[in-house]
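Trainee: Could you take me through one part of this model closely, and then place that part in the chain around it?

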Amino acid sequence: MDTKIQLKNRLTTAFSENQKPLLNIYFTAGYPALDDTLPVLRALQKSGVDMVEIGMPFSDPLADGPVIQRSSEIALENGMTIKGLFQQIKDMRKEIHIPVLLMGYINPVLRYGVEKFCEDAAAVGVDGVIIPDLPVREYIEDYEEIFQRNNLSNIFLVTPHTSPERLKLIDEHATGFIYAVSTDSTTGNTKDIRQQEAYFSKLKTSGLKNPLMIGFNVRDKESFCFAADYANGAIIGSAFVKAITGSKNLEKDIDVFIRSIR
Amino acid sequence: MNFTVDKNGFYGSFGGAYIPEMLFPNVEELKEKYLNIMHEESFIEEYNNLLKDYVGRPTPLYFAKRLSEHFKANIYLKREDLCHTGAHKINNTLGQILLAKRLGKRRIIAETGAGQHGVATATVCALLGFDCIVYMGEIDMERQKPNVERMKMLGAQVVPATSGSKTLKDATNEAIRDWINNPADTHYIIGSVVGPHPYPDMVARFQSIISKEIREQLKEKTGSENPDYVIACVGGGSNAAGAFYHYLNESNVKLVAVEAAGMGIDSGYSAATTFLGKPGVLHGSKTLLMQTEDGQIVEAHSISAGLDYPGIGPIHSHLFETGRAEFLAITDKEAFKSAVLLSKLEGIIPALESSHAIASLAKLNLKPSDTVVVNLSGRGDKDLMTYITRKEEFLKD
């Protein structure tokens, strides 16, 4: 049974049109200050980033390390909410042309209402969603149809221990790209991804139908280039959040960070 | 009506395994193997022998004569407070460590709030010579110093959880993060009927020894296995799940789950999840949770550190939704007074958690002919400082 879904949005187009390794940057909405979401997004686009993930802060981010935990905590103290985020980015498509994904945990999305969340995300021009604690089975049974109807990609994670059968299932239902978690870890760990060569090689040669992006513990030019050799690109989160922590000049600091990567 | 878990790990609409992919292989391995291991003859024999000789089971079912006169009903106390380490928690930690041994995992992690589950975990790790790392909220470490010292004396490493509210929920987050970072050699011993499937079912099964014994002991004492009421306090709900387990399908046995109202249900300082919560996902399962309109988890409050969790196990959400159990909420003050009452009437100083269950006796319309079993989940030694320092405040009128 071929259940491969064909979506066409900025995200899927980005992969079909680009050969160079794609740089995807994660940042937390409402951080460092509540109204920094759009300025950070703007600066990232200006610095040449290929796509972004905007983190929707949650009180209990159990897949995240200390840096993103702390940024989420501050964002929540700043008053960040999903509703507030949609308000902040409601006109972003007048100026932002790169793909935008939202990343967060399932509980705030459930409270918002999954269907309404997808509709509102699509309406402001979001291309995809990453919810690490939404199980594959629940997604397929309860939400896949809603995501498709709204032309939203759902990004699944795979890890060094994801079985070949499961990888195949995920590949069948993935739209956009598959997010390969580099090592057994939470975000922003100090584990060295260069020891993951065997796992990356296996992914690269496994005949996936979907593009592959590598994330977790990608933090600098060296690790970015290493990961990009095995995938369509890589994702940097904690290292970027750290780089803008305490920034007095977001645009400049963001540009310096992105230039240090490529 | 079915009150046990279905093949996908759900109790009605609650439960499941809402976990990031990093935890999938570990949780899947546990799901595939836990029932087989628990049914192995060698496992059952080792577990039962240790329950008897090490934990001190069966615990007595004690007819509390003066308490019965006070409340004008026939009240029995299931004496889980007499278990080794002072609470029912060890029924579960012992079962899980024997399971971990069979899974070949010798590094054990756990979360703890008041420290009771941490102590019970450190104890069984010492018993088997396994490494033990216990995550505990920084604030709880200050509040529960003696238990921190007990864990250390037992050879465990106690790691402070410094994120978020620095209490049980955050200690649980840290334990889960540890498991994500150490998937190969580590087993996570969750202390309550919470977490992703199969944890709620596995912990309930290990605690079900409580109601298995109650049935046998009550039959011997009264001629009937079934009381009119079974009462237990609920934080995450492990002692309640154990006390209810063999009565779930006995519809003439009323099940009473007692939550912590804290300073009052609407005070902003409460842990009464069924009164204040809405369905959501935390720590891997869908259940009732105290949360904001935006889906952020809020902090729970109770004088009893074992009850201040912002959720309840999915089995309890299901018992609440179906009306199979009645849920009551008891304030800090009511619980405190009941601890003093039980001490004076029966010579038993209960844990503050269990005092909530005792306090609920006054809220039920008990008849003199009623037979009531209260699960006395833990002893009060750990709460002595609270009993000393807050006496004036709670007993003045």
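Mentor: Let us begin with B:Asp170, which is found in helix H8, residues 168-181 of chain B; helices here are DSSP runs of H or I with at least four residues, strands are runs of E with at least two, and both are numbered from the N terminus. The model is a predicted one, in which local features need pLDDT of at least 70 and side-chain atom pairs count only at pLDDT 80 or more, while totals for chains, interfaces and linings use all residues. Residues are numbered from 1 along each chain as its sequence is written, chains are lettered from A and ligands numbered from 1 in the order in which they are written, and side-chain values use heavy atoms, with hydrogens and water left out.

With a relative accessible area of 1%, B:Asp170 is buried, a term that means under 20% relative accessible area with a 1.4 Å probe and protein chains only. Apart from neighbours within four places in sequence, B:Asp170 is in contact with B:Ala161, B:Ser163, B:Gly164 and B:Ser165, and also with A:Asp60 of chain A, where contact means heavy atoms within 4.5 Å.

Turning to the surrounding chain, chain B has 17 helices and 14 strands. Its radius of gyration, taken over C-alpha atoms, is 19 Å, close to the 21 Å that the globule rule (2.2 Å times the number of residues to the power 0.38) gives for 397 residues, so chain B is as compact as a globular protein of that length. Of those 397 residues, 64% are buried, and among contacts between residues at least 6 apart in sequence, 74% join residues at least 24 apart.

Key: Buried means under 20% relative accessible area, exposed over 50%, partly exposed in between (1.4 Å probe, protein chains only).
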